[in-house]
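Welcome! Here are some exercises with worked solutions to help you find your way around. Take a look at the model first, then work through the steps.

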Amino acid sequence: MSNAREFNDILDECLEQLLAGDATVEQCLERYPAYAAELEPLLQTILTAREALAIDPGEELRARARYRLRAEMDRVTVRRWWSVLNWQPRWAVAVVAVLAVLLASGSTVLAADSSMPGSPLYPVKLATENVRLALTSSDVARAELCAALANRRIAEMAYAIERGKARQVERAAERLNAHLAMMSRLSLGEGPAQPTAEEAAPSEEKTAGEVPAEKESPEKPSAAAEGPSAVAQEAPGRAAEAPAESAAGQAARERLTALLGEYAVSHPAKLRALAEDAPESARPAIERAIEASVAGYERALDELGSRSAGPQSENSRSEGKGRR
Amino acid sequence: MAVIVTGSGGYLVQDEQALVRRTQDGDKDAFAELYEAYFDRVYRYVVVRIGNRAEAEDMTQQVFVKAYKSIPSFKWKGAPFSAWLFRIAHNLVVDFHRKESRRPTVPLEESLVASEDDLQKTVERQLDVERVMQAARRLTAAQREVISLRFAGGLAIAEVARAMGRSEGAVKALQHSAIASLRRILLGGENGVER
């Protein structure tokens, strides 16, 4: 190591200790007496310079600068998000938007659950129902959900009748019939694997003529519809389970048929009672809607009865017809 | 590399690397901690380099905003955050001087010590600051940079080397010549300037 390099190292070491307050000029000189004459004026110069350069920005400037930086950081962060969204595929942006809406709207969905036709949250209620239907995996559970939704439509019809809103009564009746049709198909194991939202409940904007017609049963029957033998051919390991599933399905069908029979009696009676107080001008349309819902119940009960003609369902069906 | 630095007012910043990482993950509070740790030092460095307090405030702000914008691409490849930050400050100072060469500058003494309260102290300090700043202006650009980074910015020799893109040995040699020149100039010798 040359003398110059060694001196530079020693000077830096002393400066470091001086700046850190770990040593005085005198202590440094004592440590390196051979370089003391050369070191001393340089260290004194730096002490002077350092003192002069210790410029204090002041608390006011610090606070002002801190505030400005925060504002700038917020602006930069917003722009960063936008730029990230700009180069993402459109589907990713859509997913983010949907997630944001879902995360932000949990309370909205809850509030929408009890909304009625004409409310701004009513479309949210219908959309939430469609999602629930789509996310329900078994046909039996979905059929039971349809029965619950039918109950809701009846409540909505009653609400609209009380207010003399014939158009809302008709739409609720259309949705009710869609639920009933889907319920009977699902109970018989003929429903689609994933019902569409339109099948379950027509959108708020649809007119009566636009309500989709009932779908025919799938051209190719499902393995479940073909019975245990077909399941056994495809999956030998499940042969023993098939009869048990069939028994459970049968029990669910009977339960639903009984429920439908009760609805077919109580719902039209309730609606007709309400219709008596409806405005004269709205009454014809309301009555047509009630008749349409009665027809929907009958169709559903006929379909169920033709497959599972249990004594209870037969009784309920004749009871429903008898009350018309 | 975990670095512990002491910022303004004895503010302690633990694990600088973690703060940078958190900032990169979108944590604005983490960057605020880095800001608190470095604000005074960057400000001093800028003041010394450009000699104008009002301009220094704006430029210091720009340094941190630029750092915040660029921090997602910052990688720890041996260079500490401080060196990277002061490199940003250096580039802004260079830009400033390029623009300033086309217009008159505000006198140093008017802007630099305006906030001092005590008149006697102000006068003395003004003289000291003015002398040192005048002397620093006569140094070469490289010497001035070393003095600014090392004694106004408070960087260690390794950090100065990183910020300037030179070896530690070269920076130590530059430091030696810069202090020697500064001394000669302060003692009144124009001849002390080493070009």
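**Exercise 1.** In which hand of crossing, left-handed or right-handed, does H4(B) pass H8(B)?

*Solution.* Before starting, note that this is a predicted model, in which local features need pLDDT of at least 70, side-chain atom pairs count only at pLDDT 80 or more, and totals for chains, interfaces and linings use all residues. Residues are numbered from 1 along each chain as its sequence is written, while chains are lettered from A and ligands numbered from 1 in the order in which they are written.

Step 1. Find the two helices (DSSP runs of H or I, at least four residues, numbered from the N terminus): H4 of chain B covers residues 81–100 and H8 of chain B covers residues 157–164.

Step 2. Decide the hand: H4(B) passes H8(B) in a right-handed crossing, meaning that the near helix is turned clockwise from the far one by less than a right angle.

Step 3. Add the geometry. The two helices pack at an angle of about 50 degrees, with axes 8 Å apart; axes are lines fitted to C-alpha atoms over the stretch in contact, and angles run from 0 to 180 degrees between N-to-C directions. H4(B) and H8(B) are therefore oblique to each other (not under 35, over 145 or 65 to 115 degrees).

**Exercise 2.** Which residues of H4(B) and H8(B) meet?

*Solution.* Step 1. Residues are in contact if their C-beta atoms, placed from the backbone, lie within 7 Å.

Step 2. From H4(B) come B:Ser82, B:Ala83, B:Phe86, B:Arg87 and B:His90, and they meet B:Glu159, B:Arg162 and B:Ala163 of H8(B).

**Exercise 3.** How many residues does each chain bring to the contact between chain A and chain B?

*Solution.* Step 1. Chain B gives 33 residues and chain A gives 26 residues.

Step 2. On the side of chain B that touches chain A, H9(B) supplies the largest share, ten residues.

**Exercise 4.** Which residues touch the most other members of the largest nonpolar core?

*Solution.* Step 1. Such a core joins buried Ala, Val, Leu, Ile, Met, Phe, Trp, Tyr and Cys residues through C-beta atoms within 7 Å, where buried means 20 or more other C-beta atoms within 10 Å of a residue's own.

Step 2. Among its 64 residues, the answer is B:Val42, B:Val46, B:Leu85, B:Val160 and B:Leu182. H2(B) contributes the largest share of this core, 13 residues.

Step 3. Look at B:Val46: leaving out residues up to four places away in sequence, B:Val46 touches B:Ala56, B:Met59, B:Thr60, B:Ala89 and B:Val93.

Technical notes. Contact = placed C-beta atoms within 7 Å. Buried ≥ 20, exposed ≤ 12 C-beta atoms within 10 Å, placed from the backbone.
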